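These are my notes from going through one model, entry by entry. I began with single residues and worked outwards.

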Amino acid sequence: MEDRLRDAVRDLCDRYPDEYWRELDRRGAYPADFVQELTDAGYLACMIPEEYGGAGLGVSEGGVILEEINRSGGNAAACHAQMYTMGTVLRHGSEEQKERWLPQVARGDLRLQSFAVTEPDAGSDTTRIQTRAERRGDVYVLRGTKVFISRVQHSDLMVLLARTTPLEEVEERTDGLSVFVVDLRRAGDALQVRPIETMINHETNELHFDGLEVPAENRIGEEGEGFRYILSGMNAERILLASESVGDGLYFVDRASDYASEREVFGAPIGSNQGVQFPVAEAYMKVRAAAVMRDRAADLFDADRPCAEEANSCKYLASEAAWEAANAAMDTFGGYGMATEYGLERKFREARLYLVAPVSNNLVLSYVGQHVLGMPRSY
Ligand SMILES: Cc1cc2nc3c(=O)[nH]c(=O)nc-3n(C[C@H](O)[C@H](O)[C@H](O)COP(=O)(O)OP(=O)(O)OC[C@H]3O[C@@H](n4cnc5c(N)ncnc54)[C@H](O)[C@@H]3O)c2cc1C
């Protein structure tokens, strides 16, 4: 099954070679054709249960799909959230909400691509977010600012975390946060979207909510319990994005080992020098080790077993290994690594994101130090 899935995704990605991604990168444009083809093939709905029209597969298969996209030289970040954002609705939504949204998401009629947590003044300290959702009869009124919220312009719905009870009034700082599904198509002027230019081709935005009304029926689960709902989805997100890093790492290793075997300088292939060969071999082993941790995390997640240690660890290990492989490949290519037409520098920029997002690697280290190893809280 896994091999067939890998082959099928590879076949699809072959139709979107480096020139396709390079051209989009140059224009800062969205890979609309690619995302449409993935949607039509059902890949982005692979984790939606069959009863709601999806393929009923797990994070393991989702990871294979994203890994292959990035290994091919593509960039799954344009659409990866369509796979896992629906998990918040699936795990914590009412039956009515699941029926309302999931079949349409599975068919590709609704894009649920956006996930809004980060705020300028809170950063990694999520419980300090200040976006308020105040209940007024049948609606909640949203006010506040979010930053780095991706794919808003290519999404119909957005899952959002906001404070329903001020921080000063809650016992635990993780209390008083709630999750909503925001219909972006109906937001009008009450939501301002300011695109943020970044060093990669990634549609990300600052959002300003100025009295946006969200129907109370769009609140997911209980009021005040949102932080726990968001946390439960983060393991899936970390495993899936680790898979993209594994794909990136293998892309760099493939490119570097091919080039090192062909490029001759001083009368011999550069790869016959240990100074060129060993960094690539070392990065390869680290990427493979990260993939093993990713597989372990995915197996646990799919078996509904605790996996926070493994999900965090694989996100950390894969992003670091991909970054090491990226640097080894850049060294191998010498000056050509910097020439846009070789494709490497684009992937180099893209791979860098995963050291910081969706959670910065320092925060992963503090999770493992505190929650796995029992050391004192460091922040
Ligand atoms: C391209 C892009 C797309 C994104 N898409 C989304 C999205 O769709 N939705 C969303 O909600 N967010 C998104 N993000 C936000 C991303 O999740 C955050 O950037 C990330 O979680 C880090 O938060 P921050 O940038 O505020 O960094 P900060 O929290 O300000 O941290 C800055 C640095 O300080 C370090 N640091 C902070 N506190 C500590 C500590 N106690 N100990 C040690 N080190 C510490 C961090 O590790 C980091 O290196 C995106 C970001 C980018 C760049």
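**Notebook: backbone, packing, domains, ligand**

I looked up D304 and found it exposed, because just 7 C-beta neighbours lie inside 10 Å. The model is a predicted one, and I kept that in mind for every entry below. D304 sits in the loop between α9 (274-302) and α10. I checked its backbone as well: D304 is not a glycine, yet its phi is positive, about 60°.

**Another positive phi**

I then turned to F148, a residue other than glycine whose phi is positive and near 60°. Where does F148 lie? I placed F148 in strand β3. I put F148 down as partly exposed because it has 18 C-beta neighbours inside 10 Å, and the limit for buried is 20 or more.

**A cis peptide**

I noted a cis peptide bond between A357 and P358, with omega at about 0°. P358 belongs to the loop between α11 and α12.

**Helix α11**

Which residues of α11 are buried? For this helix, residues 344-352, I listed L344, R346, K347, F348, E350 and A351 as buried. I then asked what covers them, and the cover includes α2 (18-27), α8 (226-262) and α10 (308-333).

**P17**

I found P17 in the loop between α1 and α2. P17 is partly exposed, because 13 other C-beta atoms lie within 10 Å and exposed would require 12 or fewer. I also took a distance across the sequence: the C-alpha atoms of P17 and G343 are 10.0 Å apart, with their positions 326 residues apart along the chain.

**α1 against α4**

I looked at how helix α1 (residues 2-14) packs on helix α4 (residues 59-71), and recorded an angle of about 35° and axes 9 Å apart. The crossing of α1 past α4 is right-handed. From α1, the residues in the contact are E2, L5, R6, V9, R10 and C13, and they meet E61, V64, I65, E68 and I69 of α4. How many of these contact residues are nonpolar, polar and charged? I entered six nonpolar, five charged and no polar.

**A106**

I located A106 in helix α7 (residues 95-107). Is A106 buried or exposed? It is buried, because 23 C-beta neighbours fall inside 10 Å. With neighbours within four places in sequence left aside, I listed the contacts of A106 as A45, I48, Y52, G53 and G54. For I48, which is 58 residues away from A106 along the chain, I noted a C-alpha separation of 6.8 Å.

**Q130**

I found Q130 in the loop between β1 and β2 (132-136). Q130 counts as partly exposed because 15 other C-beta atoms lie within 10 Å. Not counting residues up to four places away in sequence, Q130 touches E119, D121, A122, G144 and R163. I also checked Q130 against T164: they are 34 residues apart along the chain, and their C-alpha atoms are separated by 9.7 Å.

**Domains**

I wrote down the division of the chain as domain 1 (2-107), domain 2 (112-224) and domain 3 (228-372). The centres of domain 2 and domain 3, taken over C-alpha atoms, are separated by 31 Å. How many residues of domain 2 are in contact with domain 3? I have eight from domain 2 against seven from domain 3. On the domain 2 side of this contact, I entered six nonpolar residues, two polar and no charged.

**Ligand shell**

I turned last to the ligand, which 22 residues surround. The closest are G123, S124, S360, N362 and Y379. I asked which domains the shell draws on, and found that domain 2 and domain 3 each give at least three residues. By element, β1 (112-116), β3 (139-150) and α12 (361-372) each supply at least two residues of the shell. I split the shell by class into 12 nonpolar, 10 polar and no charged residues.

Key: Residues numbered from 1 in each chain as written. Predicted model: local features only at pLDDT ≥ 70, side-chain atom pairs only at ≥ 80, totals over all residues. Domains from an automatic or database assignment. Contact = placed C-beta atoms within 7 Å. Nonpolar A, V, L, I, M, F, W, Y, C, P; charged D, E, K, R; others polar. Near = placed C-beta within 6 Å. Helix = DSSP H or I, 4+ residues; strand = E, 2+ residues; numbered from the N terminus. Axes fitted to C-alpha atoms, helices over the stretch in contact; angles between N-to-C directions. Left-handed = near helix turned anticlockwise from the far one by under 90°.
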